[in-house]
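Subject: Structure handover

Hello,

Here is the structure for you to take over. Please open it first, then read the notes below.

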Amino acid sequence: MLELIVISTLNGVLFGMLLFLMASGLTVIFSMLGVLNFAHASFYMLGAFFGFQISRWLGFWPALLIAPLLAGAIGAGVERYGLRRVHRNGHVAELLFTFGLAFVIEEVVQIIWGKSPVDFRVPALLDFPAFTIFSTNYPAYKMFMLLVSIAIFIGLLIVLKKTRIGLIVQAALTHPHMVGHLGHNVGRIFMLVFGVGTALAAVAGVIAGPALVTQSNMAGLLGPILFVVVVVGGLGSLPGAFVASLLIGLVQTFAVSMNGSLSGAFGPLSPAYASTWLADIWGVTVAQIAPIMPYVLLVLILILRPMGLLGTRDT
Amino acid sequence: MRKLMMAAAMALPMFGGAAMAQETLKIGYIDPLSGGGASVGEVGLKTFQFLAEEVNAKGGIQGKKVEIVPLDNKTNPQESLIQAQKAIDAGVRFLTQGNGSSVAGALSDFVTKYNERNPGKEVLYFNYAAVDPVLTNAKCSFWHFRWDANSDIKMEALTNYMKTVPAIKNVYLINQDYSFGESVRTTAKAMLAAKRPDIKIVGDELHPLLKITDFAPYIAKIKASGADTVVTGNWGQDFALLLKASADAGLKVNWYTYYAGGTGGPTAIKQANLNHQVFQVGEGIPNLDHPSSQEFEKAIRAKYDFSLFYPRAVNEMRMLAAAADKAKSIDPVKVAQALEGMEFEVFDGGKGVMRKDDHQFFQPIYISSLGERTEKEPFDEEKTGWGWKLVAKIDTPATELPTTCKMDRP
């Protein structure tokens, strides 16, 4: 039992940190631009595929640097030549634009790399078990993932709270128009923020690619859960996203490890109902519904605390 | 001018369509070509296209060239029905599908109803990989033919082998949460209890189909359960990612699987360093001492970068051609009648038979394990250097399980 708790906690934290790595960019973009970027997970995927390709040519470490820069440049381009024009037509147009962009990116990735998973390997330098706990190995690579997430969290927090750019971002969160009136080149800052946000997603992609799977549907698999993280944490709140990522990671991992069901708690269903739909609900285990837990959390948060755990603004 | 162009645009494809229908026999291939099942669906498509070329090189079926029409169903039953209707509207009379018994159930139902309503325009459904037993039992249909051994047959073979391995003591079941996974877990439990009552089932897990990216929590659970053996029907990324997570965590157990050889499977097994610890039950492997199938294997590897995962697809195409020759027609009803009870020398050698009672094909079944090769195993998988080694062979008669099918014939 203790073994399962310790290992589930570790797994939950690891998964949560990966979520945060992706959600950080999304939340930064939202807090600054007010755009809920549906294509965010697609930039995560682009990062993974760029990382795969560049690591083929130059090795993993250059890929970790170049792939996010490339994806960030594409992101900045999208903002400058796409979003900015669409912006004039309001938020709905922006949403639809990023929604369409997600499909375009997926299609392009499929054309270039195909639909099968590509063989993106963990770099040899990190391909060893970091430590063993209860005879379960923890790969050094996952620890590396954890460290990068924490480094990005602290780095972003410092930039947002302690620097001038951060000040402007903070101001834009509550008074976007005032910032413009004060003479800042809001357009360029927007482009920069969008670029940085997508580059962060790409960092997550390069790191998660070898650990999970690099495939053209990876954006679709993780996309929806990112929005859960951002909404639960509070739209635009970086610490909120951090807390929410950890929470969702832990909730999901612990749910998987539980075998309890209604029949376990209250005894088996009376035979009279054995062949009805009730029997399915009665017998289903917590583990089986684990993947929908984050969405249950999303619904509850929206009902009980619409601004999110650490959010400041009602949406 | 504009009207003329419109008329031409409308009419030309119609003429083209009519002309094509005369010359080709179209087979609608309905399987995932996008989403989580895409990697598997794409390999299936290329396999069928390769087989169509083989048939066409010999003059086609009854003088008609075979054309494979790819239709993407995203592993979704509703989408499959839309695609099936689309195919039928385009003149397709033969459908084939394999990935997902949920899809197969919907398709079989659809084809049966369609044929009732459209006499004279019947459509046949050839199932090359969906193995839920119900399709040839309670829900059997005259219009459905299955070339893959159903899940019960495979489990029967697998457990017959497992009962001879004394090292198996604690078994963990992990399967996908849909009709096929459900069927694997129930039969595994029933058959193991009957054949080896001393084996303990220490875990029984169902997880969502093709949606999990990180299996680490599931692996932690398997580890905590103290299992020495895992039985799984997982396919596609659900198998590859499961093995990847188990390699990361250093889980050392033996795996008894249905689809370890699917895309990404052998790579994951090699990464996990499970040398001859992953077993697969199926109707054939590349490394069988059988010259004609080895020739075929060489040809398909020369053309594509994958090995033949579907000997059953070869049987399906070759039997379609044989049945059409026997009926001297490509009319679906006549082909179906010719297929019933048909005996056939299967791709990997040995006698196979399409049982008339339920349209289930019976063939020799092989259990194999993946690992380092000897000179008897010329082929490796996914460039890993490791290949399949024959562990046990079950002859056709021993695979024939009874059926509850009561078939309505036209």
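**Chain A overall**

A compact globule of 315 residues would have a radius of gyration near 20 Å, and chain A agrees with this at 21 Å. Keep in mind that this is a predicted model. The C-alpha trace of chain A spans about 70 × 45 × 40 Å along its principal axes. Chain A contains 14 helices and 2 strands. Of its 315 residues, 45% count as buried. Among contacts in chain A with a separation of 6 or more, 78% join residues 24 or more positions apart.

**Helix H4 of chain A**

H4(A) covers residues 91-113. Its 23 residues should span 33 Å at 1.5 Å a residue, and the end C-alpha atoms are indeed 33 Å apart. Which residues of H4(A) are buried? They are Glu94(A), Phe97(A), Thr98(A), Ala102(A), Ile105(A), Glu106(A) and Val109(A). An α-helix has 3.6 residues a turn, so residues three or four places apart point the same way. The cover over the buried residues of H4(A) includes helix H2 (40-57), helix H3 (60-87) and H9 of chain A. After H4(A) comes Gly114(A), with a positive phi near 80°.

**Leu297 of chain A**

Leu297(A) sits in helix H14, residues 293-304 of chain A. Is Leu297(A) buried or partly exposed? It has 19 C-beta neighbours inside 10 Å, and burial takes 20 or more. Leu297(A) therefore counts as partly exposed. Leaving out residues up to four places away in sequence, Leu297(A) touches Val228(A), Val232(A), Ile248(A) and Val251(A). Val229(A) is 68 residues from Leu297(A) in sequence, yet their C-alpha atoms are 9.8 Å apart in space.

**Where chain A meets chain B**

The contact takes 25 residues from chain A and 28 residues from chain B. On the chain A side, at least two residues each come from helix H1 (2-33), strand E2 (136-139), helix H9 (218-233), helix H10 (238-257) and helix H13 (286-289). H1(A) gives the largest share of that side, 6 residues. By class, the side of chain A that touches chain B has 13 nonpolar, 9 polar and 3 charged residues.

**The two domains of chain B**

The domain assignment splits chain B into domain 1 (2-149 + 289-362) and domain 2 (152-282 + 365-399). Their centres, taken over C-alpha atoms, are 28 Å apart. Domain 1 puts 21 residues into the contact and domain 2 puts in 20 residues. On the domain 1 side, helix H2 (38-57), helix H4 (101-117) and E12 of chain B each supply at least two residues. That side divides into 8 nonpolar, 10 polar and 3 charged residues.

**Helix H4 of chain B**

H4(B) has 17 residues, which should span 24 Å at 1.5 Å a residue. Its end C-alpha atoms are 24 Å apart, in agreement. The buried residues of H4(B) are Ser101(B), Val103(B), Ala104(B), Gly105(B), Ala106(B), Leu107(B), Ser108(B), Phe110(B), Val111(B) and Asn115(B). What covers them includes helix H3 (77-89), strand E3 (94-97), strand E4 (124-127), strand E5 (144-146) and helix H6 (179-195) of chain B.

**Sheet E11-E12-E13 of chain B**

In chain B, 3 strands form an open sheet in the order E11-E12-E13, with antiparallel pairing. Strands E11 (343-345) and E13 (361-362) stand at the edges with a single partner strand each, so one side of each has no neighbour in the sheet. Strand E12 (residues 351-354) is joined to E13(B) by 2 bridges. Met354(B) stands opposite Phe361(B) there.

**Strand E14 of chain B**

How many of the 7 residues of strand E14 (residues 365-371) of chain B are buried? The count is 7 of the 7, so the strand is largely enclosed by the rest of the structure. Ile365(B), Ile367(B), Ser369(B) and Gly371(B) point one way from E14(B), while Tyr366(B), Ser368(B) and Leu370(B) point the other way. Antiparallel strand E10 (residues 278-282) of chain B is joined to E14(B) by 5 bridges. One of the paired residues is Val278(B), whose bridge partner in E14(B) is Leu370(B). Strand E15 (residues 387-394) of chain B also runs antiparallel to E14(B), joined by 7 bridges. Here Ser369(B) stands opposite Lys389(B) in E15(B).

Best wishes

Notes. Residues numbered from 1 in each chain as written. Chains lettered and ligands numbered in written order. Predicted model: local features only at pLDDT ≥ 70, side-chain atom pairs only at ≥ 80, totals over all residues. Pairing = 2+ DSSP bridges. Helix = DSSP H or I, 4+ residues; strand = E, 2+ residues; numbered from the N terminus. Domains from an automatic or database assignment. Contact = placed C-beta atoms within 7 Å. Nonpolar A, V, L, I, M, F, W, Y, C, P; charged D, E, K, R; others polar. Buried ≥ 20, exposed ≤ 12 C-beta atoms within 10 Å, placed from the backbone. Rg over C-alpha atoms; globule rule 2.2 N^0.38 Å. Expected span 1.5 Å × (residues − 1).
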